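Trainee: I've just opened this one and don't know where to start. Could you walk me through it?

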Amino acid sequence: MHNHRTTITQFIIEEQRQIQGATGDFTSLLNDVVTACKVISNLVNHGELVGVLGTAGSENVQGEDQKKLDILSSEIFLSSNEWAGHCAAMASEEMEDIYQIPSRYPKGKYLLTFDPLDGSSNTDVNVSVGTIFSILRCKGDCVNPTAEDFLQRGTEQVAAGYALYGPSTMIVLTTGNGVNGFTLDQNIGEFILTHPGMTIPPDTREFAINASNQRFWEEPVMRYVDECLAGTDGPRKQDFNMRWIASMVAEVHRILTRGGIFMYPLDEKMKAAGREGKLRLMYEANPMALIIEQAGGAATTGRERILDLQPATLHQRVPVILGSRNEVERVTGYHG
Ligand code: F6P
């Protein structure tokens, strides 16, 4: 007998049926996001066969070198999501200002922010990268939206998700009702529900941090990592394992799969440069924090819950400590 498998489209439509007054706009928007991720996945997968590796010779708004794939992925996301009439505007890591929907298309009631290709320094070495997205409701003037309309707390997100381009391509999604993972079946071109109800164990013995920044760390982070490294001889009385992929999507996915803690904390080098963190609040920290919390984990800056932060600017950076609840609470507690 045929074994029916739930596609991401079916899953989203069934979720929509639970919501009174839903018009289907949100479902269609998510479908377009899914299509964009499929197109990006295909490009990432073909790599040098289609000449997309390497740098583009330009910098993004953050002053980082843009890869060819950064630019292509951003264009794919914009063109997939601009035409259907669901978005009032979009914002991307790769663009200084918000993206206005071209006048030839109708405008909708959602705001979409995204990091089209997170961890893109990994593309040339064929290591996992991903796309992160966050959907907000446009509460102000949806005809002429401004950057201010995007500056909503993470708790206001209608949905958040990421696509992981790894050994298999996956989409992990939350609409505020738990976290579900879908794997792309390349043969039929559909994402299939393979990881329903993902949860993060509250405890872990695995941490992820870029240790090359150690000499700049603040005392609480230094203490936490020192205690992990001391293993069975230290106050934690157990050995810890360490990982650093330099691809936040891959790190978060590992944490959703087997637990762990990921840290990109505030450090003295950032402070000296007048920076408040490395990762971007609107399209990296907030969507990941929502996913992590929805899976039972925690996400803070070390001092505050990420989802409670009132964004001040579109490309604001924040310190990020997320993952297994008890470990995140421990590091946050060390910050006093
Ligand atoms: O820009 C974000 C990002 O690429 C994350 O995906 C990753 O966790 C981090 O930066 C890597 O930073 P670093 O190069 O300092 O290890």
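Mentor: Start with a bit of vocabulary: buried means under 20% relative accessible area, exposed means over 50%, and partly exposed is in between (1.4 Å probe, protein chains only). This is a predicted model, so to speak: local features need pLDDT of at least 70, side-chain atom pairs count only at pLDDT 80 or more, and totals for chains, interfaces and linings use all residues. Residues are numbered from 1 along each chain as its sequence is written, and side-chain values use heavy atoms, leaving out hydrogens and water.

Trainee: Let's try those words on Ala 246: is it buried, exposed or partly exposed?
Mentor: Find Ala 246 in the loop between β12 and α6; strands (E, at least two residues) and helices (H or I, at least four) are DSSP runs, numbered from the N terminus. Its phi is near 65°, a positive value in a residue other than glycine. With a relative accessible area of 36%, Ala 246 is partly exposed.

Trainee: And what about Ser 247, buried or exposed?
Mentor: Ser 247 is in the loop between β12 (241–242) and α6 (248–258). It touches Asp 118, Gly 119, Asn 122, Ser 128 and Val 129, leaving out residues up to four places away in sequence; a contact means heavy atoms within 4.5 Å. Its relative accessibility is 1%, so Ser 247 counts as buried.

Trainee: Lys 237 has a positive phi too, so what is its relative accessible area?
Mentor: Lys 237 has a phi of about 55° although it isn't a glycine. Look for it in the loop between α5 (219–230) and β12. Lys 237 is exposed, with a relative accessible area of 63%.

Trainee: Which strand holds the Tyr 110 that pairs with Phe 26?
Mentor: Rings of Phe, Tyr and Trp (its six-membered ring) pair if their centres lie within 6.5 Å; planes under 30 degrees apart are stacked, over 60 edge-to-face, the rest tilted. A search of the whole structure finds 5 aromatic pairs, and the one between Phe 26 and Tyr 110 is tilted, at 5.7 Å centre to centre and 50° between the planes. Phe 26 is in helix α2 (residues 25–46), so the pair ties together parts 84 residues apart in sequence, and Tyr 110 lies in strand β5 (residues 110–118).

Trainee: Where does Val 158 lie?
Mentor: Val 158 is in contact with Phe 26 and Tyr 110, among others, and both of those are buried. Val 158 itself counts as buried, at 13% relative accessibility. Its place is the loop between α4 (147–150) and β7 (159–165).

Trainee: How far is the polar side-chain atom of Tyr 264 from an oxygen atom of the ligand?
Mentor: 13 residues surround the ligand, and Tyr 264 and Trp 244 are among the closest; surrounding residues have a heavy atom within 4 Å of it. An N or O atom in the side chain of Trp 244 is 2.9 Å from a ligand oxygen, and a polar contact is a pair of N or O atoms within 3.5 Å. Arg 280 puts a polar side-chain atom 3.1 Å from a ligand oxygen, while for Tyr 264 the distance is 2.5 Å.

Trainee: How many of the 14 residues of helix α8 are buried?
Mentor: The buried ones in α8 include Leu 281, Tyr 283, Glu 284 and Pro 287. Just after the helix, Gly 296 takes a positive phi of about 95°. Helix α8 (residues 281–294) is largely enclosed by the rest of the structure, because the number of its residues that are buried is 12.

Technical notes
A polar contact is a pair of N or O atoms within 3.5 Å; within protein, one must be able to donate a hydrogen and the other to accept it, and residues adjacent in sequence count only if both atoms are side-chain atoms.
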